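What follows is a guided reading of a protein model, meant to be taken with the coordinates open alongside.

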Amino acid sequence: MDMNQYLDVFVDESREHLQAINEHMLKLENDPTDVAIVNDIFRSAHTLKGMSATMGFEDLASLTHQMENVLDAIRQSKIQVTDEVVDALFESVDHLEAMVESIIAGGDGKHDVDEIVRKLNVIETGEKPATVSNEQGQSNQGDGLDEFQRSILAQSFEQGLHPYTVKVTLEKTCILKAARVYMVFDVIEQLSEVIHTDPSVNELEEEKFDFSFSVTLVSEKNAEEIREKISKISEVEEVRVQNYEIDSSSSAKAEPAAAIELEKPEEKKADMKGKSETSSKKAQNNKTMRVNINRLDHLMNLFEELVIDRGRLEALSKQLNNSDLTDTVEHMTRLSSDLQDALLTMRMVPIDQVFNRFPRMIRSLAKDLGKKINLEISGGETELDRTVIDEIGDPLVHLLRNSVDHGIELPEKRTKAGKPEEGTISLVSYHSGNHIFIEIEDDGGGINREKVLEKAIENHIIDPAYAETMKDHEVYQLLFASGFSTADTVSDISGRGVGLDVVKSKIESLGGQIMVTSEPGQGTKFAIELPLTLSILSAMLITIGSETYAIPLSNIVESIVVPKKELMKAHNQLVVDFRGKVVPLLPLRDVLEVEGIPEEKSTYSVVVVRKGDQMAALIVDRFIGQQEIVLKPLGEYLSNVFAISGATILGDGKVSLILDCNDLIK
């Protein structure tokens with residue numbers, strides 16, 4: 001059977017189970033006596049093992065089987081949950097994740113797991129009583145089965161199937177032994193599933209055996225029926241069927257089939273049937289399905305074209321002034337708005353897909369740095385566009401690593417400062433309007449203003465005279481300067497000057513912004529503001545000369561008309577008094593080098609835009625109004641054009657450029 005058709009499902013489900021194991025492992029570390037958590041981990045590992053074995057990824061199946069052994073021993077109170085055990089299980093998950101990533105990249109999932117399997121085996125056998133046989137001991141019984149094949153036999157037995165060893169002896173006069181072997185296997189495969197052969201299949205095909213061979217299999221049939229079917233093949237002298245019994249100590253041995261009690265397996269079979277019926281009912285009630293993101297992207301692209309045509313129809317209905325056409329267009333507008341909401345909702349995914357990987361990361365970092373840190377997460381159910389979700393993970397990793405390394409102090413330092421030994425980092429997300437806010441806050445030492453200024457002067461980012469006049473929030477913005485770091489030593493975690501500048505660039509490329517506040521000795525908070533979606537946005541259309549531009553509403557504070565006489569100059573820069581604040585004026589005609597001579601007027605049309613706590617007033621020729629537009633990228637050739645983030649097609653078919661307010665304010 002070609003298993004490649006199931007590869008996508010295998011990858012998705014493997015990731016889900018590995019994430020579940022990670023989450024439950026963190027819970028188990030905090031509550032080592034909770035058997036329910038161990039059962040949850042065991043179930044995920046067991047399912048992952050079964051899927052891996054089915055897909056033919058033996059290293060994955062082998063490692064998860066060894067994890068099962070340790071988890072089972074914990075369930076039976078033969079092993080205590082210690083730091084060593086938790087670390088080994090986490091290391092196992094790391095190996096499993098590496099193998100899954102290898103499969104995603106087109107590899108075969110092969111990975112050197114000998115060392116971690118040995119560790120798990122030492123943990124398993126080191127805590128068990130000497131009377132209990134371990135898996136390694138089983139492999140020395142001379143039956144030729146490896147531990148993976150034994151696990152399949154044990155699992156089959158639990159499901160109500162019968163494991164057998166069938167020994168077939170051919171007549172001494174048999175000439176075409178390979179042909180008879182083929183006929184035997186043809187019958188066996190109709191009755192059962194072959195687990196192992198002795199000698200190997202290749203040796204049997206090449207007739208590298210005397211006159212007898214054995215087959216280990218699992219079947220629903222009873223031993224006598226299997227023996228009778230094989231005995232009917234000509235030139236078969238003798239058939240012996242023995243039960244491959246799985247006893248309580250998990251060791252396997254062969255006994256005569258007559259001695260087997262078949263009642264218990266039948267009971268188990270009935271039980272499995274009941275479970276199967278229950279799971280079938282659950283499957284029927286499942287209202288969700290997996291959809292490839294590329295299909296949703298294609299659907300969104302089609303809808304974007306529909307939005308452009310909708311704008312065209314709206315413009316035509318105004319020109320023709322036909323009441324029937326106007327009513328129809330208004331109805332279509334309402335329907336397309338509902339369709340837009342439905343499509344955007346389909347693309348929304350909970351942000352906990354990103355958040356879920358952070359507890360494990362914080363645990364590892366805290367352990368490496370000798371710190372005690374509690375990560376509190378809330379708002380994981382907050383939904384965000386899939387495109388944004390895919391991009392926001394790395395910036396959040398940088399900010400959390402920054403909080404762990406620079407923010408939270410060592411336990412002894414916290415104790416001296418009158419704080420609890422364990423530091424707290426909170427990760428919060430919530431909706432507000434058409435934006436999502438993500439806040440990362442720690443209760444560490446805060447930002448050392450003097451140290452930041454000292455490093456900034458040392459790196460020639462600012463001059464000493466200007467440093468003395470800077471306000472706190474301006475100082476904190478220096479952290480986002482390229483190559484800036486306050487770390488005294490370079491480590492794997494920080495100190496290379498790569499991080500916060502990348503974070504800021506990435507967030508701004510997503511149409512968002514980041515702000516930082518800090519209280520010395522109390523902690524630091526990074527606040528990120530992001531748009532819910534990147535493809536369709538509300539914008540104000542303005543004109544400069546004969547050209548039309550779009551300014552995203554998310555950046556606009558207010559649109560105002562300013563009398564020419566109210567304009568002022570400060571440091572050779574035009575400024576305006578906007579609600580008690582002095583805001584610099586930027587004539588967009590000059591900035592964008594639009595051709596033509598501006599019309600002489602006694603007032604200026606001004607759009608006040610914001611980026612963080614900074615504002616600028618943009619002088620335009622005329623306001624057109626608000627409109628929903630489709631953001632189209634300009635492509636690689638025009639990707640670095642100053643102050644332009646993309647383009648859109650208007651209702652009259654003309655292309656309008658979308659202004660990047662971040663660049664304009666800079």
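The paragraphs below go from the overall make-up to the sheets, and then to single helices and residues.

The model is a predicted one, and its secondary structure comes to 23 helices and 23 strands. Of the 666 residues in the protein, 43% are buried. Among the contacts in the protein with a separation of 6 or more, 68% are between residues 24 or more positions apart.

One place to begin is an open sheet of five strands, in which the order is β7-β9-β10-β12-β11 and the pairing is mixed. Its edges are formed by β7 (373-378) and β11 (513-519), each of which pairs on one side only. Between neighbouring strands of this sheet the turn is 15° on average, with direction ignored. Within the sheet, strand β9 (residues 423-432) and strand β10 (residues 435-442) run antiparallel and are joined by eight bridges; for V428, the bridge partner in β10 is E439. Two helices can be placed relative to these strands. Helix α15 (residues 358-369) lies across β7 and β9, and its direction is at about 165° to β7, while helix α21 (residues 500-509) lies across β11 and β12 (523-531), running at about 135° to β11.

A further open sheet, again of five strands and with mixed pairing, has the order β21-β13-β14-β23-β22. Here the edge strands are β21 (622-630) and β22 (644-649), each pairing on one side only. Neighbouring strands of this sheet are turned against each other by 35° on average, direction again being ignored. Helix α12 (residues 293-320) packs on the sheet, where it touches β13 (536-544), β21 and β22, and the direction of α12 makes about 150° with that of β21. Inside the sheet, strand β14 (residues 547-552) and strand β23 (residues 655-659) run parallel and are joined by two bridges, with Y549 having L657 as its bridge partner in β23.

Strand β3 (residues 212-219) offers another view of strand pairing, since both β1 and β2 can be followed from this strand. How many bridges join strand β1 to β3? Strand β1 (residues 162-170) runs antiparallel to β3, and eight bridges join the two; one residue to look for is P163, whose bridge partner in β3 is V218. Strand β2 (residues 192-198) also pairs with β3 in the antiparallel sense, over six bridges, and V194 stands opposite L217 of β3. As for its surroundings, β3 is mostly covered, with seven of its eight residues buried. In general, the side chains of a regular strand alternate between the two faces of the sheet.

Helix α18 (residues 449-458) lets the reader follow how burial is distributed around a helix, for its buried residues are V452, L453, K455 and A456. Seen down the axis of α18, these buried residues fall within an arc of 165°, and they therefore line one face of the helix. E450 and E454, on the other side of α18, are exposed. What do the buried residues of α18 pack against? Their packing partners are α19 (464-467) and α20 (472-477). At the N-terminal end, α18 is capped by N448, a side-chain oxygen of which lies 3.2 Å from the backbone nitrogen of E450. After α18 comes H460, a residue whose phi is positive, near 60°.

A few single residues complete the tour. D12 lies in helix α1 (residues 7-30), and because its relative accessible area is 31%, between the limits of 20% for buried and 50% for exposed, D12 counts as partly exposed. Although D12 and R290 are 278 residues apart along the chain, their C-alpha atoms are separated by 9.4 Å.

The cysteines give a last point to check. A search of the whole structure finds zero disulfides. Are C174 and C661 buried or exposed? C174 has a relative accessibility of 7% and so counts as buried, the cut-off being under 20%. With a relative accessibility of 1%, C661 therefore counts as buried by that cut-off too.

Methods:
Residues are numbered from 1 along each chain as its sequence is written. This is a predicted model: local features need pLDDT of at least 70, side-chain atom pairs count only at pLDDT 80 or more; totals for chains, interfaces and linings use all residues. Side-chain values use heavy atoms; hydrogens and water are left out. Buried means under 20% relative accessible area, exposed over 50%, partly exposed in between (1.4 Å probe, protein chains only). Helices (H or I, at least four residues) and strands (E, at least two) are DSSP runs, numbered from the N terminus. The arc is that of the directions from the helix axis to the C-beta atoms. Contact means heavy atoms within 4.5 Å. A polar contact is a pair of N or O atoms within 3.5 Å; within protein, one must be able to donate a hydrogen and the other to accept it, and residues adjacent in sequence count only if both atoms are side-chain atoms. Two strands pair if DSSP finds at least two bridges between them. Axes are lines fitted to C-alpha atoms, for helices over the stretch in contact, and angles run from 0 to 180 degrees between N-to-C directions. A disulfide is a pair of cysteine sulfur atoms within 2.5 Å.
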